[in-house]
Amino acid sequence: MVAIAYPVYAAIAIVSVSVKNEKCCSVTDLLVSVRDDCEFQDAIATGVGIIDFKEPRHGALAPVDPTVWHSAALRITELNQLNRFTAAGGDSLIPARPRLSAALGEAEGWQAVASQLPRTFDFAKIGPSQIKTAAAMQGLWESASQCIGPTTELVAVAYADSDSAACLPAEQVFQLAGEFGFRRCLIDTFSKTGRSSIEYLGYERLRTIGQIAKQASMKWSLAGSIRIAMIDSLISERIFPDCYAVRGDVCHQGRSGRLCASRLKQWVDRMALMHSRSFGPIESC
Ligand SMILES: O=C[C@H](O)COP(=O)(O)O
């Protein structure tokens, strides 16, 4: 993808890149989970790249009411029109169109809402709790892919606290997702006690998970009580997710509270800093 967008730059980078930063010259995305239209508008205004809809009070991947999806889809259609206007020389203050993601629930229950997901949504995800075999995991993915249709990409989910979720360990889910042909896989926590995915898995397992994703050409996202201060440790441990996915760290009073504009901005700025370092002068890579 980089080679298409930045052909000359990428060619130089291939010979210049050092082992110092395996993410050099690639972009780290930021996903923020929101629960309603008000939080959605705040996330758009702050420049979040992927906005994910879920109801944090009802579980790790609980869906919001489908009316919230429909309202977001309308707003995105408007933004698309306004962005076309900007491209034609109009108002440059119009925010960029974020990508939309929806949590559909767990392996038990997602069918109740999935068919109502607007086609405008880029991603959908389903929690694998209570899925104890590879065959059951693949069965879930097959039926979900058929249900959500071709315009929305299903993202595989692994739980760092797989014992609490009574599901397969994260490494196995990543391996299976790669074999199934997924392009993206996310790690999250099921129990939402405040203990992070890093604390559940440790750096060694996270590195292995990153390698499984890389071998399968999958992008991987790290969620599960991730705090901004953890990014530096992950980098020094040579763990480079393609996307950070957060909720609790951008809220007042935990993930069930309201989004906090200043925390959101800190995360957006942190990602922009990583991006500028990745795409800065070659010597800095
Ligand atoms: O998809 C990402 C999750 O919403 C992360 O939530 P959390 O940061 O509160 O664990």
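## Helix 3 and the residue after it

Helices are DSSP runs of H or I with at least four residues, numbered from the N terminus. The model discussed here is predicted. Just after helix 3, Gly47 adopts a positive phi of about 95°.

Helix 3 itself spans residues 37–46, and its buried residues are Glu39, Phe40, Ala43 and Thr46. These residues lie on the same side of helix 3, because they cover an arc of only 130° around the axis. An α-helix has 3.6 residues a turn, so residues three or four places apart point the same way. The face of helix 3 turned away from the buried side carries Cys38 and Ala45, which are exposed.

## Strand 4 and its partners

Strand 4 covers residues 123–127, and five of its five residues are buried, so strand 4 is largely enclosed by the rest of the structure. Phe123, Lys125 and Gly127 point one way from the strand, whereas Ala124 and Ile126 point the other way. Residues on both sides of strand 4 are thus buried, Lys125 among them.

Strand 4 pairs in parallel with strand 3 (residues 99–106), to which four bridges join it. Within this pairing, Ala103 stands opposite Lys125. Strand 4 also runs parallel to strand 5 (residues 153–159), and three bridges join these two strands. Here Phe123 of strand 4 stands opposite Glu153 of strand 5.

## The largest nonpolar core

The largest nonpolar core contains 76 residues. The members that touch the most other members are Val32, Ala156, Ala158, Ala170, Val173, Phe174 and Cys185. Helix 9 (residues 197–215) gives the most to this core, contributing seven residues. In soluble globular proteins, nonpolar side chains tend to be buried together.

The contacts of Val173 can be listed individually. Leaving aside residues up to four places away in sequence, Val173 touches Pro128, Met137, Ala156, Ala158 and Leu168. Two of these partners, Ala156 and Ala158, are themselves among the core residues that touch the most other members.

## The shell around the ligand

The ligand is surrounded by 16 residues, of which the closest are Ser33, Ala223, Arg247, Gly248 and Arg255. The elements that supply two or more residues to this shell are strand 1 (29–34) and strand 8 (243–246).

By class, the shell is mixed: six of its residues are charged, five are polar and five are nonpolar.

Technical notes: Residues are numbered from 1 along each chain as its sequence is written. This is a predicted model: local features need pLDDT of at least 70, side-chain atom pairs count only at pLDDT 80 or more; totals for chains, interfaces and linings use all residues. A residue is buried if 20 or more other C-beta atoms lie within 10 Å of its own, exposed if 12 or fewer, and partly exposed in between; C-beta atoms are placed from the backbone. The arc is that of the directions from the helix axis to the C-beta atoms. A nonpolar core is a set of buried Ala, Val, Leu, Ile, Met, Phe, Trp, Tyr and Cys residues joined through C-beta atoms within 7 Å. Two residues are in contact if their C-beta atoms, placed from the backbone, lie within 7 Å. A residue is near a molecule or strand if its C-beta atom, placed from the backbone, lies within 6 Å of it. Ala, Val, Leu, Ile, Met, Phe, Trp, Tyr, Cys and Pro count as nonpolar, Asp, Glu, Lys and Arg as charged, and the others, Gly among them, as polar. Two strands pair if DSSP finds at least two bridges between them.
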